[in-house]
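Trainee: Could we go through this model together? I'd like to start inside one chain and then move outward.
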There are 4 protein chains.
Amino acid sequence: MSRWANALPNREEQLETKRKAIIREAARVFSRRGVHGTSLDDVAERLGVTKAALYRYVPSKQDLLYACHEEAMDIAREAMDRGEAEGRTGLEKIRIGMARYMREMIDAMGVPVLIIEENALSGQQAKDIMQRRDDFERRMRRLVEEGIADGSIVQVNVKIAMFTLLGAVHWVTKWYSPDGAWGAEDVAEAVIEIATRGFEARPGKVLQARLNK
Amino acid sequence: MSRWANALPNREEQLETKRKAIIREAARVFSRRGVHGTSLDDVAERLGVTKAALYRYVPSKQDLLYACHEEAMDIAREAMDRGEAEGRTGLEKIRIGMARYMREMIDAMGVPVLIIEENALSGQQAKDIMQRRDDFERRMRRLVEEGIADGSIVQVNVKIAMFTLLGAVHWVTKWYSPDGAWGAEDVAEAVIEIATRGFEARPGKVLQARLNK
Amino acid sequence: MSRWANALPNREEQLETKRKAIIREAARVFSRRGVHGTSLDDVAERLGVTKAALYRYVPSKQDLLYACHEEAMDIAREAMDRGEAEGRTGLEKIRIGMARYMREMIDAMGVPVLIIEENALSGQQAKDIMQRRDDFERRMRRLVEEGIADGSIVQVNVKIAMFTLLGAVHWVTKWYSPDGAWGAEDVAEAVIEIATRGFEARPGKVLQARLNK
Amino acid sequence: MSRWANALPNREEQLETKRKAIIREAARVFSRRGVHGTSLDDVAERLGVTKAALYRYVPSKQDLLYACHEEAMDIAREAMDRGEAEGRTGLEKIRIGMARYMREMIDAMGVPVLIIEENALSGQQAKDIMQRRDDFERRMRRLVEEGIADGSIVQVNVKIAMFTLLGAVHWVTKWYSPDGAWGAEDVAEAVIEIATRGFEARPGKVLQARLNK
DNA sequence: AATGAATGAGGGTTCATTCAT
DNA sequence: TATGAATGAACCCTCATTCAT
């Protein structure tokens, strides 16, 4: 691999750029092989650097993992904000939000989501992330309830509906390849469409213009 | 924890019973914390035994993981067989098969599925499991196609539909607790209903008798 | 292998018989693979028994090793006694003694000598054995000196002569096989003849009647 | 002990120097305590380093052992080459070769020989080393035969003669101390002289100028 | 800014030893 | 008397982390 995966555009903000590159690459590998199954040597090698070099940008593996989650959570929140701002019904808000979430995650980390291994984080960091994840889930639940209320979502157990959707989204990690025929955009929309159709009040046909691969 | 989690009913078949108990417990922990995030000490402790004791029943951690996957795959195949035998349309076959799969997995391993960390298995074992997983996925795809053909499933991208369903199912690992209010049966049916509704040809209301928690 | 290598002739002295069988077998394996390279499972397996069974006859691996050395040292002393009693010159005493030593060792342990790994024994046991080994070597030195004095041995550095002989004898472990064409008797005599010829005062031709294999 | 036993003369070749130091030290300890009786901690401690540090220079304990044997075999071959080139009779060739072998081994590893515990190496490595050891012994046998043919060696069983000599040489491990009064040179010559005198055709007195300790 | 070298902690595995049967 | 089961210590090896250069 080329050094730093060619992520060195300008100057002193290089530091931040490189940090982001590390996080992005780490997220990708953590996602696939598991946090504990990934050594910092692995991460470093993919960036064309030495393990020791990483420590200039990240204080520890734990912190690196935490940063990955933070990044993911930032993206999630921002996506939910968008969804709530732009959607009209509960269903629409969910669709817009989650699609954006997936797209952004794939752009940022090359991977649509970070799967959380229990115990991988600890102490305050674990609490922080769990807190934010819970917030995220709470927002989702509320949107489902909103959808039920406004008639866009069928009468359904909220928790099940939410986790079904989240599962579909998260699972993309296991099969999506950025080198494949489909772009982030395509996959995101296709998955969200089917997954939300599961609790859509008046589901019709499935559109899939771009997916005629 | 009590010794062997009280899994010692009779006598010489104790060996096999204990082996199964180990596999079951390992699967559960591997699933939550990741294979590499789980030490054999962890597994042993949950069984109220020493790490060394495990080695009377399992030749290595690798083999233990392999055994977990084998067990899972056996269950998966058997469930698919059932689905194909008992269902009438493609959709029905999928529903019956996947629901059974979830129930059996929860019974056997306390966990609805095993998530595969890349690189966790290696060599022939990795090939074996991938092979069987591919077989499993191929069968699912065919059922989706069958469903489209017989009109029970809407026109949809087969791969996306399948992975959406699988994601919903697999994700249950992350939130299901056997100690909670819902039994395996309830969760399995609820998840499958919503997840398959995503590509059901004529989706109606959602039934959820048992889920009025 | 048959149970206890068929070493169960009479009755309550069986205990001692079995103990000897264990020592014998252990000595053999220790000799070849090294003490630390040999597990009690290895020893037990060769006797057709379980590891745990050994503990009825031997209190620990350390003690087993010690017993091996004791046995060897008993044989060595007895052989030296014989040599000193029967030989006329220093050279003759050495020849008789060492040849007997080799024969008896092979009979008793199936192996002509025990090679001592440093640190394998410890504490008092180590001291004991070292003491006896030193006694043995001291006796050998005195016989060499006696041989020089009585003219049967050439003027030679005593230590070197002794260790050369001992080396030749001990090395037999590495190549002698009781299943081969030569008996213990043959090998013992042939080796001793050549090895002592190295410091014999008036060495002549080499006799090797039995070795025309 | 001082770091790396003061074996760090220059710079980038330090890596090779250190590797050699490890091999040398390992050979020494393996030789005395047996491979299985020696932990890498032992080896590391003698070099004033941590066990983990060794892994920068040697991939595994097995490979370390293999490297020891390789080194020894290289020295053996080179010594035999010398003996065959410089000696005139079979006997002379053996004397020159073996004396050189002992000297070089003591210089390189501080120990005149490596004793092979059965099963210590495995697979291809075991085959390799056995092969080379057999080659070595074959060469020795041929020299003995040559000596018999050219009249420098008495009529003798070739195998016994060879193993007697090898035993004398190998045994030096057990009693030679580099810190003692004799140098490698002295010991080598003294041992070889007496050991080969065992099958010399016309053995005379024993010279031992330097050994009047 | 990055590297090579070194360390200490931890995990997988073996094994001597104990004990209930 | 012998066995199977279990344990704790020890060992090999990996890896996150630090430091001198």
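Mentor: Gladly, and bear in mind that this is a predicted model. Let us begin with α4(C), whose buried residues are C:Leu64, C:Leu65, C:Tyr66, C:Ala67, C:Cys68, C:His69, C:Ala72, C:Ile75, C:Ala76, C:Ala79, C:Met80 and C:Gly83.

Trainee: And what do the buried residues of α4(C) pack against?

Mentor: They pack against α1, α5 (90-109) and α6 (123-150), which belong to chain C as well.

Trainee: How far apart are the end C-alpha atoms of α4(C), and what should the helix span?

Mentor: The end C-alpha atoms of α4(C) are 37 Å apart, and this agrees with the 38 Å that its 26 residues should span at 1.5 Å a residue.

Trainee: Switching topic, which residues come nearest to DNA strand E?

Mentor: There are 29 residues around DNA strand E, and of these A:Thr50, A:Ala52, B:Ser60, D:Thr50 and D:Ala52 come nearest. As for the elements that give two or more residues to this surface, chains A and D each contribute α3 (51-54), while chains B and C each contribute α2 (40-47), α3 (51-54) and α4 (61-86).

Trainee: How many of the residues on that surface are nonpolar, polar or charged?

Mentor: The surface near DNA strand E divides into 13 nonpolar, 8 polar and 8 charged residues.

Trainee: Now the protein contacts: how many residues of chain A are in contact with chain B?

Mentor: In chain A, 36 residues are in contact with 36 residues of chain B. On the side of chain A that touches chain B, at least two residues each are supplied by α1 (14-33), α7 (158-175) and α8 (184-197) of chain A, and the largest share, 10 residues, comes from α7(A). The residues of that side divide into 19 nonpolar, 11 polar and 6 charged.

Trainee: What turn lays chain A on chain B?

Mentor: A turn of 179° with a shift of 0.0 Å along the axis lays chain A on chain B with an RMSD of 0.1 Å, which is the relation of a two-fold axis. The C-alpha of chain A nearest that axis belongs to A:Gly198, at 1.9 Å from it. Furthermore, 100% of the interface residues of chain A are also interface residues in chain B, so the copies meet through the same surface.

Trainee: What about chains C and D, how many residues are in contact there?

Mentor: Here 36 residues of chain C are in contact with 36 residues of chain D, and α7(C) gives the largest share of the side of chain C that touches chain D, namely 10 residues.

Notes:
Residues numbered from 1 in each chain as written. Chains lettered and ligands numbered in written order. Predicted model: local features only at pLDDT ≥ 70, side-chain atom pairs only at ≥ 80, totals over all residues. Near = placed C-beta within 6 Å. Helix = DSSP H or I, 4+ residues; strand = E, 2+ residues; numbered from the N terminus. Nonpolar A, V, L, I, M, F, W, Y, C, P; charged D, E, K, R; others polar. Contact = placed C-beta atoms within 7 Å. Expected span 1.5 Å × (residues − 1). Buried ≥ 20, exposed ≤ 12 C-beta atoms within 10 Å, placed from the backbone. Least-squares fit on C-alpha atoms with pLDDT ≥ 70 in both.
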